[in-house]
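The following questions and answers introduce a protein model to a first-year student. Please consult the sequence and structure as you read.

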Amino acid sequence: MPPIVIIILIIILILVILGIRVVPQASAFVIERAGKYHTTWSAGLHVMIPVIDRVSRRVLLKEQVADFAPQPVITKDNVTMQIDSVVYFKITDPRLYAYGVENPIMAMENLTATTLRNIIGDMELDATLTSREAINSEMLQTIDLATDPWGIKVTRVELKNIQPPAAIREAMEKQMKAEREKRAAILTAEGEKQSMILTAEGKKESAVLNAEAEKQATILAAEAQKEKEIKEAEGKAEAIRQVQQAEADGIRMIKEAGADEAVIRLRSLETLAKAADGQATKIIIPSDIQSAAGLLAGLKESVKE
């Protein structure tokens, strides 16, 4: 084989080797032929024509994260803050990504900053600090719609940090401290109030129980006194009954013994003597008893004779 043929074959082999390209997974190559877009290679083995074809752009198809620097924004109530955001995106069309805009990442950063300023400019400071979810959602819709012609799909937007001015932060810290002290004072007052209520209820229940106990004791004492009086009355009645029974028995015995009028008068004299008992200074003797005394004196003289 002539040397020239060998040289030609070697050159062809080198060109074929140089024309073989392997596209990694989750990547895409944008191919230009003669300076014009030709095709987009996906992952795998591909062959290009040397000199005529070239790889215009290598595109990563994975989801990517763009962390943008803090941007100065002004709220509706004229407070300047520094807000930095994070954008998650994927490249869905490598051709549009390569030819849609000169610098897609820078364009997306400027779009994010502009959208953020527009949204924050319609909100006051307090709403800005408490409405991150609403801000994220509105930014996502706006940026995703604007990046569609660039072959970019924005999947998520997050406000990474919101930094109000130092004076505002100090005022907010004082406000939060005052609010916490207020809540602590309210809780302390509520605790004291509850304690006083419980103490008053305890005293009330104690007073009620004491009154009930005194009432019960008074009732029991009255019942005991009543029973005592009843027993004393029954004892006196029994004594009276026994005295009357004794007197009735005495009368009955006198009647059964056949005592005459002289005996009765004699008993009357004995009773009168017991009544005097040597203590009385003056004794009034009934006339019938005096007659009985004369009768006794006569009987005494008769006995002596």
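Q: Which residue in β3 is the bridge partner of phenylalanine 29?

A: This is a predicted model, in which local features need pLDDT of at least 70, side-chain atom pairs count only at pLDDT 80 or more, and totals for chains, interfaces and linings use all residues. Residues are numbered from 1 along each chain as its sequence is written, and side-chain values use heavy atoms, without hydrogens and water. Strands (E, at least two residues) and helices (H or I, at least four) are DSSP runs numbered from the N terminus. In β3, phenylalanine 29 has as its bridge partner tryptophan 41.

Q: How many bridges join β2 to β3?

A: Two strands pair if DSSP finds at least two bridges between them. Strand β2 (residues 27-33) runs antiparallel to β3, and the number of bridges joining them is 5.

Q: Which strands stand at the edges of the open sheet?

A: The open sheet has 3 strands in the order β3-β2-β5, paired antiparallel. Each edge strand has a single partner, so one side of each is left without a neighbour in the sheet; these strands are β3 (36-41) and β5 (53-60).

Q: Which helix supplies the largest share of the largest nonpolar core?

A: A nonpolar core is a set of buried (under 20% relative accessible area, 1.4 Å probe, protein chains only) Ala, Val, Leu, Ile, Met, Phe, Trp, Tyr and Cys residues joined through side-chain atoms within 4.5 Å. The largest one has 31 residues, and those with the most contacts inside it include Met81 and Met108. The largest share of this core, 6 residues, comes from α3.

Definitions and conventions
Buried < 20%, exposed > 50% of the residue type's maximum accessible area, 1.4 Å probe, protein only.
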